[in-house]
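This report describes aromatic ring pairs, charged groups over rings, and the surroundings of one arginine side chain. The sequence and the model are shown first.

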Amino acid sequence: MLDGMNKIQKYQNVISSFSGTLSASLPSGIHLSNLCALIKKEFGFFWVGFYTRTSENVLTLGPYQGEVPCFTIQLDKGVCGLAAKSGITQIVNDVHSFPDYIACHPEPNSEIVAPGIVNGRCEFVLDIDHEEKGYFDDEDQKMLEEIVQIVISNQLA
């Protein structure tokens, strides 16, 4: 339980709040920034953000909430690169034991990255860092993949 609610309830709150903002006629970057803010506030994550695929082998920083991160990530590096390249959500319980981990900051210890697949190609990733080792689980994966689908269905990324 997190503050009297379980993870699923917290993600449902995020989805409900985010869905309520989608009727506003705003640029997609503002919608994605709002989504990052909602997720970060609801869970208190260290970092929440998007990287978009800007070339065949590069992800570039998009909207985010948290400390200033790395600006570009090669698809053959880090958790984001692996998620983008494989098209599979990555959960890393201890980022410091992950090969090719890209440490933008020393505080995060666990990470989850959900890829946004459009027409068979990863076009973006949703990246979340937490200071606690082993924080993320199958519930996070299921709910973040649902959020990624909302982003795709609303053509925000």
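A residue is called buried when its relative accessible area is under 20%, exposed when that area is over 50%, and partly exposed in between. The model discussed here is predicted. Phenylalanine 45 has a relative accessible area of 1%, and therefore counts as buried.

**Aromatic pairs**

A pair of aromatic rings is described by the distance of the centres and the angle of the planes. The structure holds eight aromatic pairs. In one of them, the ring centres of phenylalanine 45 and phenylalanine 136 are 5.5 Å apart; the planes meet at 45°, so this pair is tilted. The two partners come from distant parts of the chain, 91 residues apart. Phenylalanine 45 belongs to the loop between helix H2 (28–43) and strand S1 (47–55), whereas phenylalanine 136 belongs to the loop between strand S6 (121–130) and helix H4 (138–153). Phenylalanine 136 is also buried, because its relative accessibility is 4%.

Tryptophan 47 and tyrosine 64 form another pair, with ring centres 5.6 Å apart and planes at 20°; planes under 30 degrees apart count as stacked, so this pair is stacked. Tryptophan 47 lies in strand S1 and tyrosine 64 in strand S2 (residues 58–65), with their positions 17 residues apart in the count. Tryptophan 47 is buried at 2% relative accessible area, whereas tyrosine 64, at 25%, is partly exposed.

Ring pairs also join Tyr11, Phe43, Phe45, Tyr135 and Phe136 into a cluster.

**Charges over rings**

Two lysines are placed over rings of this cluster's members. Lysine 7 lies over the face of tyrosine 135, 4.3 Å from the ring centre. Over the ring of phenylalanine 43 sits the charged end of lysine 10, at 5.7 Å from the centre.

**Arginine 53**

Arginine 53 is located in strand S1. Its relative accessibility is 14%, so arginine 53 counts as buried. A polar atom of its side chain lies close to each of two backbone oxygens, as tabulated below.

| Backbone oxygen of | Distance from a polar side-chain atom of arginine 53 |
|---|---|
| glutamate 56 | 2.7 Å |
| cysteine 122 | 3.3 Å |

Neighbours within four places in sequence being left aside, arginine 53 is in contact with Val58, Leu59, Leu75, Ala84, Arg121, Cys122, Glu123 and Phe124. Cysteine 122 thus appears both in the table and among these contacts.

Methods:
Residues numbered from 1 in each chain as written. Predicted model: local features only at pLDDT ≥ 70, side-chain atom pairs only at ≥ 80, totals over all residues. Heavy atoms only, no water. Phe/Tyr/Trp six-rings, centres within 6.5 Å; stacked < 30°, edge-to-face > 60°. Helix = DSSP H or I, 4+ residues; strand = E, 2+ residues; numbered from the N terminus. Buried < 20%, exposed > 50% of the residue type's maximum accessible area, 1.4 Å probe, protein only. Lys NZ or Arg CZ within 6 Å of the ring centre and 35° of its normal. Polar contact = N/O pair within 3.5 Å; in protein donor to acceptor, adjacent residues only side chain to side chain. Contact = heavy atoms within 4.5 Å.
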